[in-house]
Amino acid sequence: GMLAWVESRNLPTENYALSDLLNIKGKRIKFEYDFGDSWEHDVWMKGVSDYTDEHQPGLYLVKAEGACPPEDCGGVWGYANLLELKNKNRKTREEKDRLEWYGIDKYYDEHDPNEEELTSSLEDLWNEATE
């Protein structure tokens with residue numbers, strides 16, 4: 001499952017809303033997106049403000065760096081290994097198959113966050129949460 005690390009405690013995320021954990025300016029949590037890969041995210045509340053007419057309630061991408069690593073690729077080390085394989089000049093059939101399995105082709109750019117795709121995912125999440 002997923003865990004949020006708050007004030008030295010591990011909390012299973014299915015028991016909490018984000019607003020329970022990030023409820024005042026400056027509050028900070030570590031969020032572990034697990035499923036075996038253990039991706040850690042540092043999340044903090046920068047501030048709270050009322051919505052203006054131009055900004056309706058929703059999820060918005062503020063800043064993104066780098067591409068999203070593929071699901072179940074083996075965490076930080078597995079992803080680093082895939083990028084190493086991608087940049088290798090001569091690949092075995094097995095290595096080519098592995099890259100293909102994870103959707104990493106010669107056009108894959110680990111520095112490109114693909115903001116269009118991220119924005120679309122956030123819109124889907126918002127729509128799902130508010131249905």
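The secondary structure of the protein, seen here in a predicted model, comes to four helices and four strands. Followed along the sequence, these elements are arranged in the pattern β-β-α-β-β-α-α-α. The radius of gyration is 18 Å, well over the 14 Å that the globule rule gives for 131 residues, so the protein is more spread out than a compact globule. Taken along the principal axes, the box filled by the C-alpha atoms is roughly 55 × 40 × 25 Å.

Two further values help to describe the chain as a whole. Of its 131 residues, 21% count as buried. Among contacts between residues at least 6 apart in sequence, 46% join residues that are at least 24 apart.

It is worth pausing at one pair of helices. Two packed helices are described by the angle between their axes and the distance between those axes. Here, helix α2 spans residues 75-87 and helix α3 spans residues 93-101. The two pack at an angle of about 120 degrees, and their axes lie 10 Å apart. That angle makes α2 oblique to α3, because angles of 65 to 115 degrees count as roughly perpendicular and only those over 145 as roughly antiparallel. The crossing of the two helices is left-handed.

Which residues bring α2 and α3 together? On the α2 side, the contact is made by Gly-78, Asn-81, Leu-82, Leu-85 and Lys-86. These meet Glu-95, Arg-98 and Leu-99 in α3. By character, the residues of this contact divide into three nonpolar, two polar and three charged.

Glu-95, one of the α3 residues in this contact, deserves a closer look. Is this residue of helix α3 buried or exposed? Glu-95 has a relative accessible area of 15%, and it is buried because the cut-off for that class is under 20%. Leaving aside residues up to four places away in sequence, Glu-95 touches Leu-85, Lys-88 and Arg-90. One of these, Leu-85, belongs to the α2 side of the helix contact.

Lys-88, another residue touched by Glu-95, is found in the loop between α2 and α3. Its relative accessible area is 35%, so Lys-88 counts as partly exposed, whereas Glu-95 is buried. A longer view along the chain links Lys-88 to Gly-36: the two are 52 residues apart in sequence, and their C-alpha atoms are 26 Å apart in space.

Note on methods: Residues are numbered from 1 along each chain as its sequence is written. This is a predicted model: local features need pLDDT of at least 70, side-chain atom pairs count only at pLDDT 80 or more; totals for chains, interfaces and linings use all residues. Side-chain values use heavy atoms; hydrogens and water are left out. Axes are lines fitted to C-alpha atoms, for helices over the stretch in contact, and angles run from 0 to 180 degrees between N-to-C directions. Angles under 35 degrees count as roughly parallel, over 145 as roughly antiparallel, 65 to 115 as roughly perpendicular and the rest as oblique. A crossing is left-handed if the near helix is turned anticlockwise from the far one by less than a right angle, and right-handed if clockwise. Contact means heavy atoms within 4.5 Å. Ala, Val, Leu, Ile, Met, Phe, Trp, Tyr, Cys and Pro count as nonpolar, Asp, Glu, Lys and Arg as charged, and the others, Gly among them, as polar. The radius of gyration is taken over C-alpha atoms; the globule rule is 2.2 Å times the number of residues to the power 0.38. Buried means under 20% relative accessible area, exposed over 50%, partly exposed in between (1.4 Å probe, protein chains only).
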